[in-house]
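This report goes through one protein chain part by part. Keep the sequence and the 3D view open while reading.

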Amino acid sequence: MIIKRIISVLIAVLLLSSCSMAATYFVRKTLYVDILAYMPKYLNETSGLAVIDGDVWTQNDTYGQNKLYRLDHDLTGIAQVVTINNSRNCDWEDLAQDQQFLYVGDIGNNLAKRKGGVIYKIARKGLSQQQAVVPTAVLNYQYSDFKKGWFNKHNFDSEAITVVGDQLWLFTKNWKDEKTKLYQINTAETDKVQYVKPVAEYPSKGLITGVDYDPQTATLAFIGYRKNKYLGYSFIWLVKVKNNKPDWSTGIYKRLGIYSQWEAIHWYGAGRLLITAESNPLNKAMIGIVDVQKLLDTGE
């Protein structure tokens with residue numbers, strides 16, 4: 001009798017999950033994700049993306065090693081490993097870049113134990129020939145509005161940084177209200193802790209896990225996910241930057257056709273976004289392309 005009840009419960013859960021999955025996969029006009037490759041098993045916690053001289057770089061997040069990984073050209077193997085000396089991977093959640101530097105964001109804060117974070121500034125020149133590097137600078141920041149919270153029940157986590165002009169823009173992953181706040185960090189101020197306050201808050205409608213800025217189109221691309229009771233869905237936002245702020249009134253929101261814990265996003269040529277997902281019970285870690293040119297041209 002007990003076994004029959006267990007079987008009945010399992011069947012019910014599977015049916016509900018199937019319904020949720022159907023809702024996820026058959027939402028009208030989801031964006032097609034072209035899966036390029038399953039990533040090396042060692043990168044099952046891939047969380048950030050950078051592209052330097054055509055090469056794709058990534059890193060693992062929480063409690064991973066303090067290393068950067070350059071993927072080989074078919075994206076299925078690791079071509080190079082670079083150790084960042086004088087650093088610690090407490091929770092490396094994203095990569096950002098400008099013409100001279102790569103920024104490694106130790107910014108994660110699921111437990112709300114940190115009042116801020118650390119961003120390592122790495123010289124891009126010669127990186128592909130190195131086995132180890134020392135940061136040229138370390139950016140320390142603290143939230144001026146920080147409040148203690150419970151695990152995954154607060155608004156002071158972050159997994160998303162990008163360079164806009166001479167600033168690093170950090171967007172929060174608001175577990176509590178599923179919005180996102182913008183904090184601006186000075187990339188040149190390295191001799192003291194920067195106390196940053198939110199510039200604005202935006203209705204992201206989910207948990208933001210990555211961001212990248214395209215100066216050619218003045219467009220921010222966000223990636224994130226939302227968890228329903230049994231499954232959930234992934235999404236992107238395309239938002240224009242005006243007067244040194246995101247103009248959310250221009251925002252275009254689309255669900256992705258494949259649900260996974262997509263963690264990283266990077267503009268990859270005109271109108272295309274490179275994205276990666278961590279491994280999870282549904283999928284292996286993977287890397288793919290999303291074509292958003294039509295969205296940029298028409299908004300649809």
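## Two residues beside and within strand 5

S87 sits in the loop that runs between strand 5 (78–84) and strand 6 (92–97). The model is a predicted one, and every value below is computed from it. In this model S87 has a relative accessible area of 16%, so it counts as buried, the cut-off being under 20%. Apart from neighbours within four places in sequence, S87 is in contact with N66, W92 and Y120.

T83 is placed in strand 5 itself. Its relative accessible area is 16%, so T83 is buried. Not counting residues up to four places away in sequence, T83 touches N66, K67, Q131, A132 and V133. N66 is thus on the list for T83 and also on the list for S87.

## Positive phi angles in two loops

D53 lies in the loop between strand 2 (50–52) and strand 3 (55–58). The phi angle of D53 is near 50 degrees, which is a positive value in a residue other than glycine. With a relative accessible area of 71%, D53 is exposed, because the cut-off for exposed is over 50%.

A112 is found in the loop between strand 7 (101–106) and strand 8 (116–123). A112 is not a glycine either, and its phi is positive, at about 60 degrees. Is A112 buried or exposed? Its relative accessibility is 7%, so A112 counts as buried.

## A glycine in strand 16

G210 is part of strand 16, which spans 207–214. The relative accessibility of G210 is 0%, so this residue counts as buried.

Leaving out residues up to four places away in sequence, G210 touches D94, E159, A160, A221, F222, I223, E263 and I265. G48 is 162 residues away from G210 along the chain, yet the C-alpha atoms of the two are separated by 7.4 Å.

## A buried asparagine in a loop

N155 belongs to the loop between strand 10 (137–143) and strand 11. Its relative accessible area is 13%, so N155 is buried. Setting aside residues up to four places away in sequence, N155 touches T172, N174, W175, K176, D177 and K181.

Distance along the chain and distance in space can also be given for N155 and R272. These two are 117 residues apart in sequence, and their C-alpha atoms are 30 Å apart in space.

## The largest nonpolar core

In soluble globular proteins, nonpolar side chains tend to be buried together. Here the largest nonpolar core has 18 residues. Within this core, the residues with the most contacts are I236, L238, L256, L273 and V292. At least two core residues come from each of strand 17 (219–227), strand 18 (232–242), strand 20 (262–267), strand 21 (272–277) and strand 22 (286–291).

Which residues are in contact with I236, leaving aside its neighbours within four places in sequence? They are L31, F222, I223, I252, Y253, K254, L256, I265, L273 and V292. L256, L273 and V292 are also named among the core residues with the most contacts.

## Aromatic rings

The count of aromatic pairs comes to 14. In one of them, W169 and F171 have ring centres 6.4 Å apart and ring planes at 65 degrees, so the pair is edge-to-face; the cut-off for that class is over 60 degrees. W169 has a relative accessibility of 0%, so it counts as buried. F171 also has a relative accessible area of 0%, so F171 is buried.

Ring pairs join W169, F171, Y202, F222, F235, W237, W248 and Y253 into a cluster. In this cluster are F222 and Y253, which are also in contact with I236.

## The largest pocket

How many residues line the largest pocket? The lining has 17 residues, and those nearest the centre of the pocket are Q97, D98, Q99, Y213 and P215. Strand 11 (158–164), strand 16 and strand 20 are the elements that give two or more residues to this lining.

The volume of the largest pocket is about 470 Å³. Sorted by class, its lining holds seven nonpolar, six polar and four charged residues. Strand 20 supplies lining residues to this pocket and also residues to the largest nonpolar core.

Notes. Residues are numbered from 1 along each chain as its sequence is written. This is a predicted model: local features need pLDDT of at least 70, side-chain atom pairs count only at pLDDT 80 or more; totals for chains, interfaces and linings use all residues. Side-chain values use heavy atoms; hydrogens and water are left out. A nonpolar core is a set of buried Ala, Val, Leu, Ile, Met, Phe, Trp, Tyr and Cys residues joined through side-chain atoms within 4.5 Å. Buried means under 20% relative accessible area, exposed over 50%, partly exposed in between (1.4 Å probe, protein chains only). Helices (H or I, at least four residues) and strands (E, at least two) are DSSP runs, numbered from the N terminus. Contact means heavy atoms within 4.5 Å. On a 1 Å grid over the protein atoms alone, a cavity is a set of points where a 1.4 Å probe fits but cannot get out, and a pocket is an open set with protein on both sides within 12 Å along at least five of seven lines; lining residues have an atom within 4 Å of a point. Grid points are joined across faces, edges and corners, and a volume is the space filled by probe spheres set on the points. Ala, Val, Leu, Ile, Met, Phe, Trp, Tyr, Cys and Pro count as nonpolar, Asp, Glu, Lys and Arg as charged, and the others, Gly among them, as polar. Rings of Phe, Tyr and Trp (its six-membered ring) pair if their centres lie within 6.5 Å; planes under 30 degrees apart count as stacked, over 60 as edge-to-face and the rest as tilted.
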